[in-house]
Amino acid sequence: MDKKDRPVFKPSKAQKLALAVASINDDLIFEVTKNYKLIGVKNINEIRSKWKTIRSSLLLSFPDLEDLCNNFDIQLAEGNIQSLFKNDNFYNFFFANIFYHKFDEDSFSVAKKVISNGLENISVPIIESRQITKQDRYFQNITIATEGQLDVENKTFPLYELNQFLSELPVKLGSKHNLDFIYQSSYQISPRIGLITEGQLDYVFEIKDFYKKNTTINFKLEKDER
């Protein structure tokens, strides 16, 4: 889809590549806790087998992608494949670990997360705050809104990497620049079926006048007819 949510009938090379690689996600089988937190992917052998077929097809069309395919081979290797999905920003958002909590306890209202490749290839820890903003009379349809802030006290906060990244931008020596971060999301929850049925996340990393990265994630499940 393009920026106006219209189908792209003549995708670019990068779009073709992204669609081909993303197709390994079509048949994922996940294991989750009752809280709806991701434990891991169950059918990893099927994923690797599918990737081998996609890999061969890609290299026939784009022989210059050998290094990229080799890199993805490493990501799907035994010690890495679970981290690939657990650290993915979409699955991090989708599997929100919000069920079976009291709605006023810390385990529900505050969550620590990591945004992978938040700025270029730099992963950034954040703190997500949650609250119920809408509910029906019988507590069957609920809206949960979240806001996020940078977790600068986290020992993994990549201050050195961020300074290195800033030094590569066309800034004047000795000048000071803020990293602005905006993070907002919402979930539509149906406790009856124990699922998050719809969600939207928008977050922005910006260094004014020099850098801005805006990311939007959306999902909407098919209707449950039961």
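**Pockets, cavities and three loop residues in a predicted chain**

The largest pocket holds about 540 Å³ of space. This is a predicted model, so to speak a computed guess at the fold: local features need pLDDT of at least 70, side-chain atom pairs count only at pLDDT 80 or more, and totals for chains, interfaces and linings use all residues. Residues are numbered from 1 along each chain as its sequence is written, and side-chain values use heavy atoms, with hydrogens and water left out.

Back to the pocket. On a 1 Å grid over the protein atoms alone, a pocket is an open set of points with protein on both sides within 12 Å along at least five of seven lines, while a cavity is a set of points where a 1.4 Å probe fits but cannot get out; lining residues have an atom within 4 Å of a point. Grid points are joined across faces, edges and corners, and a volume is the space filled by probe spheres set on the points. The lining of the largest pocket has 14 residues, and V21, A22, N25, F72 and D88 are the ones nearest its centre. At least two lining residues come from each of α1 (13-22), α3 (66-75), α4 (81-86) and α5, with α3 giving the most, 4 residues. Helices (H or I, at least four residues) and strands (E, at least two) are DSSP runs, numbered from the N terminus.

As for closed spaces, searching the whole structure turns up 2 cavities of 30 Å³ or more. The largest cavity has about 70 Å³ of space, and its lining is made of N89, N92, F93, K113, V114, I115, Y183, L201 and Y203. Two or more of these lining residues come from each of α5 (89-94), β3 (110-119) and β7 (195-207). Helix α5 thus turns up in both places, on the list for the largest pocket and on the list for the largest cavity.

Now for the chain as a whole. It has 7 helices and 8 strands, and its C-alpha trace spans about 60 × 50 × 40 Å along the principal axes. Of the 226 residues, 35% are buried, where buried means under 20% relative accessible area, exposed over 50%, and partly exposed in between (1.4 Å probe, protein chains only). Take contacts (heavy atoms within 4.5 Å) between residues at least 6 apart in sequence: 55% of them join residues at least 24 apart.

Three loop residues round off the picture. F62 sits in the loop between α2 (44-61) and α3. Is F62 buried or exposed? F62 counts as buried because its relative accessibility is 17%. Leaving out residues up to four places away in sequence, F62 touches K13 and K16. I122 is 60 residues from F62 along the chain, and the C-alpha atoms of the two are separated by 28 Å.

Y36 and N97 both show a positive phi without being glycine: phi is near 75° for Y36 and about 55° for N97. Y36 has its place in the loop between β1 (30-32) and β2 (38-41), whereas N97 belongs to the loop between α5 and α6 (106-109). Y36 is buried, as its relative accessible area is 8%; N97, at 22%, is partly exposed.
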